[in-house]
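Here is a short, friendly tour of one protein model. Take a look at the picture first, and then we will walk through it together.

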Amino acid sequence: MFFILSKTIGILLLPANSLIGLGLIGIVLLATRLAPLGRKLLVVSVLLLAICGFSPLGYALLYPLESRFPPWDAARGAPDGIIILGGPIDTDISAAHNMPVTRSGADRLIEGAALASRYPNARVLFTGGSANLISTDAKEADYAAEIFASLGIPKTRLIMERLSRNTYENAEFSRAMVAPKTGERWLLVTSAYHMPRSVGLFRKAGFTIEPYPVDWRVGSRADLLTFTNFSVDGLARTDTGLREWIGLVAYWATGRTAELFPKP
């Protein structure tokens, strides 16, 4: 039920969807006796879309998420394992073209492969099935194995978890699959904005990890005062940031994490 709600209500709450919906309601009301209300809804939806698209709002939502965990310190020595979270691969388009197709977040795969090459004795786990509400046989892990092989990481070295649909299942299934031993050091590779929620879920699952953030969307604190030239970029950042904050609250409220905003 949690997964279904996250893929329905959670998506509807995103600004790009909810504000367009608000505007459509306004258009419908223009043809009724509630036309004054319809005009107000149209004005509000356009103004809020402009704020979300052009203002630094997206940066403001993402910055505290991305700056929560510092870059990993390699001085501590080689890790025992590397966990790479799914998300970058579009399974449906990959299946349609019979080859891996990535979208945003491909840094997870690239940096994960680089770490695997740098630490040849570390175990490498990729976790990701299909995040689609109506799932098919196409799984991220299957295509990720091809990408890693093309980057020099042989399939024989990989542990592929292909059933998880969200980050909660990433954590639970990963722990069950690799059974980490006390004292082992595992890196967790995921997007910087996604790291707080991921850390909270892995901690709750009893899997001690060391954050290895990648795929930043904010350059520096100066971006908090930077306006965007292309509204689609600003809307994407706003949607991404708000989705993470909603996820943090939802997972904490349902007991899936012990901390509202996990920290180092």
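## A helix, a sheet and their neighbours

Gly152, found just after helix H7, takes a positive phi of about 95°. Keep in mind as you read that this is a predicted model.

Now step back into the helix itself. Which residues of H7 are buried? Within this helix, which spans residues 140–150, the buried ones are Glu140, Ala141, Tyr143, Ala144, Ala145, Ile147 and Phe148. It helps to remember that an α-helix has 3.6 residues a turn, so residues three or four places apart point the same way.

What covers the buried residues of H7? The cover includes two helices, H5 (91–97) and H6 (107–118), together with the strands S1 (81–85), S2 (123–127) and S3 (158–161).

Next comes the sheet. Five strands build an open sheet with parallel pairing, and their order is S3-S2-S1-S4-S5. At the edges sit S3 and S5 (210–214), each pairing on one side only. From one strand to the next, the twist averages 20°.

For a closer look at one pair, find S4 (residues 186–191): S4 and S5 pair in the parallel sense over five bridges. Leu188 has Pro211, in S5, as its bridge partner.

Finally, see how two helices meet the sheet:

| Helix | Strands involved | Angle |
|---|---|---|
| H6 | lies across S1, S2, S4 and S5 | about 125° to S5 |
| H7 | touches S1, S2 and S3 | about 155° with S3 |

So which strands does H7 touch as it packs on the sheet? They are S1, S2 and S3, and these strands are also among the elements covering its buried residues.

Notes: Residues are numbered from 1 along each chain as its sequence is written. This is a predicted model: local features need pLDDT of at least 70, side-chain atom pairs count only at pLDDT 80 or more; totals for chains, interfaces and linings use all residues. Side-chain values use heavy atoms; hydrogens and water are left out. Buried means under 20% relative accessible area, exposed over 50%, partly exposed in between (1.4 Å probe, protein chains only). Helices (H or I, at least four residues) and strands (E, at least two) are DSSP runs, numbered from the N terminus. Contact means heavy atoms within 4.5 Å. Two strands pair if DSSP finds at least two bridges between them. Axes are lines fitted to C-alpha atoms, for helices over the stretch in contact, and angles run from 0 to 180 degrees between N-to-C directions.
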